[in-house]
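Visitor: I've got the sequence and the model up on my screen. Can you walk me through it?

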Amino acid sequence: MVKLSEVNSKLLKAHYAVRGKIVIRAQELEEQGKKIIYCNIGNPQALKQKPITFIRQVLSLLEYPALMDKPGAEKLFPADVIRRARMILEKNPSGTGAYTQSAGIPFIRKAIAEFIEKRDGIPADPNRIMLTEGASKGVHTVFTLLTNKENDGYLIPIPQYPLYSAAIELYGARQVNYFLDEKNRWSLDEAELERSIEGAKKSGINPVAITVINPGNPTGAVLSRKNIGMVIRFAKKHGLAIIADEVYQDNVYGEGLEFVSFAKVMHDLGEKDVTLFSLHSVSKGFLGECGHRGGYLEIRNMPDDVYAEVIKLLSIGLCANVDGQLVTYLMTAPPRPGEESYELYAAEKAAILGDLKEKAGILGKGLNEIEGMQVDVPEGAMYAFVKFDLPHPKGINPEAMTAEERHKYEAARDAKYCLRLLEGTGICVVPGSGFGQHPGTLHFRTTFLPPKEDILALVEKMKKFHASYVAKLQEA
Ligand SMILES: Cc1ncc(COP(=O)(O)O)c(C=O)c1O
């Protein structure tokens, strides 16, 4: 039998907080009959979000094409759904049960290029676009491609989505933190990037890429065009590739804010030297099709011989699952105005995004009013990263601790807080230490995906819990 001591030590070192110990405890409590409000993960359909009808209708015909020829099919499915399914079958006659080209079905890559051209008003090359099983697989592709030596480093935001820190451990690379500015809505500051990279270089790290998550997870912040331009210039100056995680591009709620892609700014700047990896996914936005594992990776500024290695890498995994590819296609080529499905599609989209915006406001405002908690109303994505204060137990002085001792002490404090919160109220959130946070601060990340009544209940429960937890610490 394989022993733990024989397991890949890089895997043993990797952590992925959003599915960690707290979630396991939540599942145990649920089995014992406790109602749990799952706010730990951005998994919309697990939290009662309905799938978009058009996507599921087309998909069902593609999974069982004989349905289209059954009597009454035209009553069950809108005419454009049937037309679309027939068109897809014509372009991909082998259907959903056959392997596809390694980079994905060609007409889908072309449709994605057109989607980017329309979104950004810039050219896009279908031969630099590949279908992936969610953005996660795209990230693994980039890390396999770029991690070459043990001292290769990746700049990642703090706080970050733990896929990045886990990938760094798995691929044996080095993590280089840059801190987002919580006081300025988690914006990105050039001086901080310079501090971070200079520190890394001094300690012998060879930085190869910078990851930017926009809109941000866990911060819910949306980057400005100016900020993105600054990152591109910074990457150029230091010879870094850019990994632009743009899976929340449809989740922008802040007044007057818009999603701007790295590809667009890079094109507008005329930048031809910096390699850009842009990621998108069917899991987020208003689709929430996490289980279908679809997404794409677009690469800019990469020579043909390097791209050939990417294709070789993809071919080792054969191809992304076909349903995920099809959902990605339907995300980028939705029904057009005038088509039979358009109105329902537009109404479902508006309802989901409107609901998310409302819940972001309820959660952000409600939690910010709790004494000892601070958070801005999230401007994007599906999360709030909430700062909270706790008194230190008597006799404990964190200032007197080494950096390592303090890190451990703080990680234990936010983990304990989240565990007690779960056990006391059924609310399942993730400790801030799982995403990274400034030393001396405590946070938790919560989604605003549960139904509105659960979000309202969450704010009330949180208020009572926090006051009693602080009181107990003060008495201790
Ligand atoms: C910032 C970010 N990137 C990537 C992913 C991975 O998503 P998927 O692999 O489902 O596309 C997530 C999931 O929560 C995320 O929050």
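**A walk through the model**

Guide: Let's begin at one spot: apart from neighbours within four places in sequence, Q45 is in contact with P51, G288 and C290. Contact here is two residues whose C-beta atoms, placed from the backbone, lie within 7 Å.

Visitor: What sort of model is this, and how are residues numbered?

Guide: This is a predicted model, where local features need pLDDT of at least 70, side-chain atom pairs count only at pLDDT 80 or more, and totals for chains, interfaces and linings use all residues. Numbering starts from 1 along each chain as its sequence is written.

Visitor: Back to Q45, then. Where does Q45 lie?

Guide: Q45 lies in the loop between strand 1 (37–38) and helix 3 (53–63). Helices (H or I, at least four residues) and strands (E, at least two) are DSSP runs, numbered from the N terminus.

Visitor: How far apart are Q45 and E289, in sequence and in space?

Guide: They are 244 residues apart in sequence, and 7.3 Å apart C-alpha to C-alpha.

Visitor: And is Q45 exposed or what?

Guide: Partly exposed, because Q45 has 16 other C-beta atoms within 10 Å. The cut-offs: buried is 20 or more other C-beta atoms within 10 Å of a residue's own, exposed is 12 or fewer, and partly exposed is in between, with C-beta atoms placed from the backbone.

Visitor: OK, zoom out. What's the secondary structure of the protein?

Guide: It comes to 16 helices and 13 strands. Buried residues make up 43% of the 476 residues.

Visitor: What about the radius of gyration?

Guide: The protein has 23 Å, which agrees with the value near 23 Å that a compact globule of 476 residues would have. That radius is taken over C-alpha atoms, and the globule rule is 2.2 Å times the number of residues to the power 0.38. Along its principal axes, the C-alpha trace spans about 75 × 60 × 50 Å.

Visitor: How is the protein divided into domains?

Guide: Domain 1 is 4–49 + 347–475, and domain 2 is 100–332. The bounds come from an automatic or database domain assignment. Their centres, taken over C-alpha atoms, are separated by 26 Å.

Visitor: How many residues are in contact between domain 1 and domain 2?

Guide: 36 residues of domain 1 are in contact with 31 residues of domain 2. On the domain 1 side, helix 14 gives the largest share, six residues. That side divides into 17 nonpolar, 11 polar and eight charged residues. Ala, Val, Leu, Ile, Met, Phe, Trp, Tyr, Cys and Pro count as nonpolar, Asp, Glu, Lys and Arg as charged, and the others, Gly among them, as polar.

Visitor: Helix 14, what does it lie across?

Guide: Helix 14 (residues 342–368) lies across strand 9 and strand 10, at about 0° to strand 10. For that angle, axes are lines fitted to C-alpha atoms, for helices over the stretch in contact, and angles run from 0 to 180 degrees between N-to-C directions.

Visitor: And which strands form the open sheet with strands 9 and 10?

Guide: The order is 9-10-13-12, with antiparallel pairing. Strand 9 (373–374) and strand 12 (430–431) are the edges, each pairing on one side only. Strands pair if DSSP finds at least two bridges between them. Strand 10 (residues 383–388) and strand 13 (residues 442–447) share six bridges, and K387 stands opposite H443 in strand 13.

Visitor: Different topic: how many residues of strand 5 are buried?

Guide: Seven of the eight residues of strand 5 (residues 206–213) are buried, so strand 5 is largely enclosed by the rest of the structure. Strand 5 runs parallel to strand 3 (residues 152–158), with four bridges, and parallel to strand 6 (residues 241–245), with five bridges. T211 has I243 in strand 6 as its bridge partner.

Visitor: Which peptide bonds are cis?

Guide: The bond from I158 to P159 is cis, with omega near 5°, and so is the bond from N217 to P218, with omega near 15°. P159 is in the loop between strand 3 and helix 8 (163–170).

Visitor: And A381, what's its phi?

Guide: A381 has a positive phi of about 55° although it is not a glycine. Most residues other than glycine have a negative phi. A381 lies in the loop between strand 9 and strand 10 and is buried, with 29 other C-beta atoms within 10 Å.
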